[in-house]
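Biologist: Could you walk me through one part of this model, the surroundings of one of its ligands? I'd like to know how that spot ties in with everything else.

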Amino acid sequence: MRRIVKAAQGTAPAESRSEPRTVVAEIIADVRKRGDAAVRDHSARLDRWAPADFRLSERQIEESLSRVDRQTLADIREVQENVRGFAVRQRASLHDFEEEMQPGVLLGQRSIPVGSVGAYVPGGRYPLLASAHMTIVPAKVAGVRRVAACTPAGGGELPDATIAAIHLAGADEIYLLGGAQAVAALALGTESIERVDMLVGPGNAYVAEAKRQLFGEVGIDLFAGPTEVLIVADESADPFVVAVDLLSQAEHGPDSPAILVTTSGGLAEATLREVDEQLAKLPTRDVAGPAWRDHGQVIVVDGLDEAFAVSDEFASEHVQVLTQNPRLALDRLRNYGALFLGERTCVSFGDKVIGTNHVLPTRQAARYTGGLWVGMYLKTVTYQEVTTDAASAYLGELCGRAARAERFEGHARSGDLRAQPPGQRPAWA
Ligand SMILES: NC(=O)c1ccc[n+]([C@@H]2O[C@H](COP(=O)([O-])OP(=O)(O)OC[C@H]3O[C@@H](n4cnc5c(N)ncnc54)[C@H](O)[C@@H]3O)[C@@H](O)[C@H]2O)c1
Ligand SMILES: N[C@H](CO)Cc1c[nH]c[nH+]1
Ligand SMILES: [Zn+2]
């Protein structure tokens, strides 16, 4: 039996309300119609940013890099090596193959990199330079030829560290442009921006909605909207650690849910007190406070079985496990974007440094997908070759019957043709 100790008090997160849908549909329609002029108008209106050219020149990129301190540049390089290392390992787990499935029948599978990718690097509230590592490095490991990256200008103040991260990650083009107008420009193409085959990256409700609406005309990675965290904890967890880790993700935005599911009523009460105490000390409490008030939840359950079941219902982007035996969750949980096991591990490691990808499914999309990874930049394609007359004749007869069962006479005749001895024509020819 679950007991709600703290309920969410807010309305639905912005992305499930109608407002972003309408606003974004209008921006996309305008970019489709007026191209660069529309992009410039929406960027001026929403971001107070309308340069002659949104694309950064080589010189501007070099200037940005020169303004970033050495330690930050070294950290960017180190983190990108971690992300690259894991992406290379993941790539190695994908094997092309060709197999003779029955005598004379070769079937094969290959992975081909997507030709061009638009990488969205968020920057409205914070310069999320870590998203540059996550979207661009795996694209390059996959072999994507053209990566065009977009990030908001930050009201005219150049986000130098983000630009450095995008450049060092290997982007081929950098546009200082944010929001739905950036996503639409990349997906549809304009006079100055060549369209891409696929869009990747996280973003706020407007960015996520733009990707959703454009899907089909362009490929997308996944629905990666406002961040979420869910912690599964038992009585062994430290309420201070739980509170700090809940707030670490609540600071993303006022629509970011932070949820505790625990087997311990004592931990639940202590965590509520700790969250209040730590919120008061957190510089970003103006964002984390409303997020916790409106979308924070604390749920007490009877045992770990129920805790895992509740966690799977939420299918949260991040699930953190603070229990006596955290690895148990590996076998028991099924719905999460990324899993963080034990007190030594935290979601912020995944967000910033450890090497796994932080672009992850939100709003229960973890029921059907994992996060961004090198495999998403690869198209898994198949091929086939029949190498003997006997195999061709056998499949031809089977195909003739199968196609006629569906009244596909044209298909059946292609099969019939193969069922004849070489050089002979079927009776209907
Ligand atoms: N799921 C994931 O994997 C993941 C990873 C990292 C970040 N995130 C999320 O990314 C988001 C980043 O959001 P952000 O806002 O800081 O940056 P952002 O770059 O995603 O969005 C900023 C842009 O939003 C547009 N915008 C703002 N208000 C608007 C309005 N009223 N109408 C139309 N457009 C508007 C502006 O053009 C602006 O450039 C956060 O919600 C964070 O939780 C998710
Ligand atoms: N928590 C976000 C979604 O996984 C990623 C992030 C980057 N920087 C801070 N947080
Ligand atoms: Zn985060």
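Biologist: Let's start from a single residue: where does Q249 lie?

Modeller: Q249 sits in helix 9, residues 239–250 (helices are DSSP runs of H or I with at least four residues, strands are E runs with at least two, and both are numbered from the N terminus). Keep in mind that this is a predicted model: local features need pLDDT of at least 70, side-chain atom pairs count only at pLDDT 80 or more, and totals for chains, interfaces and linings use all residues. Residues are numbered from 1 along each chain as its sequence is written, while chains are lettered from A and ligands numbered from 1 in the order written.

Now the neighbourhood. Q249 is one of the residues around ligand 2, along with L128, A130, T227, D351, K352, H358 and L360 (to count, a residue's C-beta atom, placed from the backbone, must lie within 6 Å of the ligand). By class, that shell holds three nonpolar, three polar and two charged residues (Ala, Val, Leu, Ile, Met, Phe, Trp, Tyr, Cys and Pro count as nonpolar, Asp, Glu, Lys and Arg as charged, and the others, Gly among them, as polar).

Q249 also turns up in the records. An unreviewed UniProt entry puts the feature "binding site" at Q249, H252, D351 and H411 (positions follow the numbering used here, feature names are shortened, and annotations may be inferred rather than shown by experiment). Those positions cover 163 residues of sequence and are spread out in space too, with up to 55.3 Å between C-alpha atoms.

The domains come next. The assignment, automatic or from a database, splits the chain into domain 1 (16–221), domain 2 (226–371) and domain 3 (389–429). Between domain 2 and domain 3, the C-alpha centres are 59 Å apart.

There's a six-stranded open sheet, ordered 1-11-10-9-12-13, with mixed pairing (two strands pair if DSSP finds at least two bridges between them). Strand 1 (3–6) and strand 13 (338–341) are its edges, each pairing on one side only. From one strand to the next, the twist averages 20° (axes are lines fitted to C-alpha atoms, for helices over the stretch in contact, with angles from 0 to 180 degrees between N-to-C directions). Helix 10 (residues 265–281) packs on this sheet and touches strand 1, strand 9, strand 10 and strand 11, running at about 160° to strand 11 (contact means C-beta atoms, placed from the backbone, within 7 Å). Helix 12 (residues 304–314) packs there too, on strands including strand 9, to which its direction makes about 175°.

What about the other ligand? Ligand 1 has 31 residues around it, with G124, R125, G178, G179 and P202 the closest. Helix 2 (36–47), helix 7 (179–188) and helix 8 (205–214) are the elements giving two or more residues to that shell. Domain 1 and domain 2 both contribute residues, so ligand 1 lies between them.

UniProt's unreviewed entry also lists "binding site" at Y120, Q181 and N204. These span 85 residues of sequence yet cluster in space, the largest C-alpha distance being 13.0 Å. Q181 is in helix 7, and Y120 has C150 in strand 5 as its bridge partner. Strand 4 (residues 116–120) and strand 5 (residues 146–151) pair in parallel over five bridges, within an open, parallel sheet of five strands ordered 6-5-4-7-8. Strand 6 (173–176) and strand 8 (219–220) have a single partner strand each, so one side of each has no neighbour in the sheet.

Methods
Two residues are in contact if their C-beta atoms, placed from the backbone, lie within 7 Å.
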